[in-house]
Amino acid sequence: MLSRDQVMEALSRVIDPELQRPVTDLDMVREVRVDGSEVAVTIALTVPGCPLRASFQEQVARQVGSLAGVERVVVSFDVMSPEEKAALTAKLRGGVTARTKGLSVDRATRVLAIASGKGGVGKSSLAVNLAAAFSSLGQRVGVLDADVYGHSVPHLLGVSQRPVAVDDMIVPPVRDGLKLMSIGFFLEENAPIMWRGPMLHRALERFLSDVHWGELDFLLVDMPPGTGDVSISLGQLLPRAEAVIVTTPQPLAQEVAARAALMARKTNMRLLGVIENMTSEVFGAGGGAKLAAQLDCPLLGAVPLDARLREAADRGHPLVWIDPEAEASRAILACAQAILATEREREVGIVKELPVVS
């Protein structure tokens, strides 16, 4: 005869798509009733009208329906009480060893600040494809779109779903295993931001500290171009971050990128290396190597100019995923592997030499 314990064991394989943990661990199973061959399950959602309701419905029906003797599964939904939400928030945050009050992410997570001196060098599309490359290499990855005045990462990943608020905690949406958070989720569509100075710093600090990332190997931060208020504030709020500088081959791009690298060092980021983007007959080649030599850091790789990178981004699909054999995809994957080949000890920095691309 089918038991409640068997049903609960099946429900332990139902995973919350955003929190990436079983519903049994998250205390989301409100009720289980077994009546002969029929099983009724009630799941308590964090918010009414949860956009992932269909995923829970499908998973519960599949997992419970696979049990011997089950002919019918009835799934219903309820909403967590304020007390239950507070308990869930405490449980989730209890699993994170905080770095500082700025960024709510575990100490074991490597934070990569993807920066450039100027706009138009493909920094955001490179950040998204680099995140996709890490994910394809088996890493748990989050992407933080911190480009306050030019947030584009949700579009590049084809994500329109808004994050869910649980109590005072923000749960990021997930796309094919990638967790994503953008300042753009909290603004009216295409509305300009008029923040400056202390107001901007406070908004960024609250934004960073309230997001629950869970267990990540890498958090890639798409930094705003330049060295203004936003970049300085982010530099102060990203503890022990490692900066990856993106440049195109032209001398002017190198000159401006060098300023971003110097600012990263002044805000106590570790300079991990340089990536040259858009290498081609149009823009030339070799500028990234010159910048790396100037900054005394490795060249992580050179990514060739490829119109498919832009075309795939317009459709919301990283090229690394849809055409991993493309030359640009292979170059980005090589950059991810070069970064993975480095290790750093707490408060020490890089302890493994990076390969230098000639």
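## A walk through the chain

Start with everything on screen: of the contacts in the chain with a separation of 6 or more, 73% are between residues 24 or more positions apart. Keep in mind as you go that this is a predicted model.

**Stop 1: the whole chain.** Switch to a cartoon view and you'll be looking at twelve helices and 15 strands. Now try a surface view. The accessible surface comes to about 15900 Å², and carbon and sulfur atoms own 51% of that. How much of the chain counts as buried? The figure is 54% of the 358 residues.

**Stop 2: helix H4.** Select residues 123-136, which make up helix H4. Draw a distance from the first C-alpha to the last: these 14 residues reach 20 Å, close to the 20 Å expected at 1.5 Å a residue. Is H4 mostly covered or mostly open? It's mostly covered, with twelve of its 14 residues buried. Click along the helix to meet them: Lys123 and Ser124 are buried at the start of the list, and the buried set also includes Leu126, Asn129 and Phe134. Then step just past the end of H4 to Gly138, where phi is positive at about 90°.

**Stop 3: two residues with a positive phi.** Here's some background first: most residues other than glycine have a negative phi. With that in mind, select Met278, which isn't a glycine but has a positive phi of about 65°. You'll find Met278 in strand E12, residues 270-279. Is Met278 buried or exposed? Its relative accessible area is 17%, and buried means under 20%, so Met278 is buried.

Next, jump to Asp296, another residue other than glycine with a positive phi, this time near 55°. Asp296 sits in the loop between helix H9 (287-295) and strand E13 (299-304). Its relative accessible area is 67%, and exposed means over 50%, so Asp296 is exposed.

**Stop 4: the cavities.** Time to look inside. How many cavities of 30 Å³ or more are there? The count comes to two, and the largest has a volume of about 70 Å³. To see what surrounds the largest cavity, select Asp16, Glu18, Leu19, Met28, Leu45, Thr46, Cys50, Leu52, Phe56, Val164, Val166 and Val171, which line it. Try colouring them by class: the lining has nine nonpolar residues, one polar and two charged. Asp16 and Glu18 are the charged pair in that lining, and Thr46 is the polar one.

Technical notes: Residues are numbered from 1 along each chain as its sequence is written. This is a predicted model: local features need pLDDT of at least 70, side-chain atom pairs count only at pLDDT 80 or more; totals for chains, interfaces and linings use all residues. Side-chain values use heavy atoms; hydrogens and water are left out. On a 1 Å grid over the protein atoms alone, a cavity is a set of points where a 1.4 Å probe fits but cannot get out, and a pocket is an open set with protein on both sides within 12 Å along at least five of seven lines; lining residues have an atom within 4 Å of a point. Grid points are joined across faces, edges and corners, and a volume is the space filled by probe spheres set on the points. Helices (H or I, at least four residues) and strands (E, at least two) are DSSP runs, numbered from the N terminus. Buried means under 20% relative accessible area, exposed over 50%, partly exposed in between (1.4 Å probe, protein chains only). Contact means heavy atoms within 4.5 Å. Accessible areas come from the Shrake-Rupley method with a 1.4 Å probe; for residues, only the protein chains shown count as cover. The expected span of a helix is 1.5 Å times one less than its number of residues.
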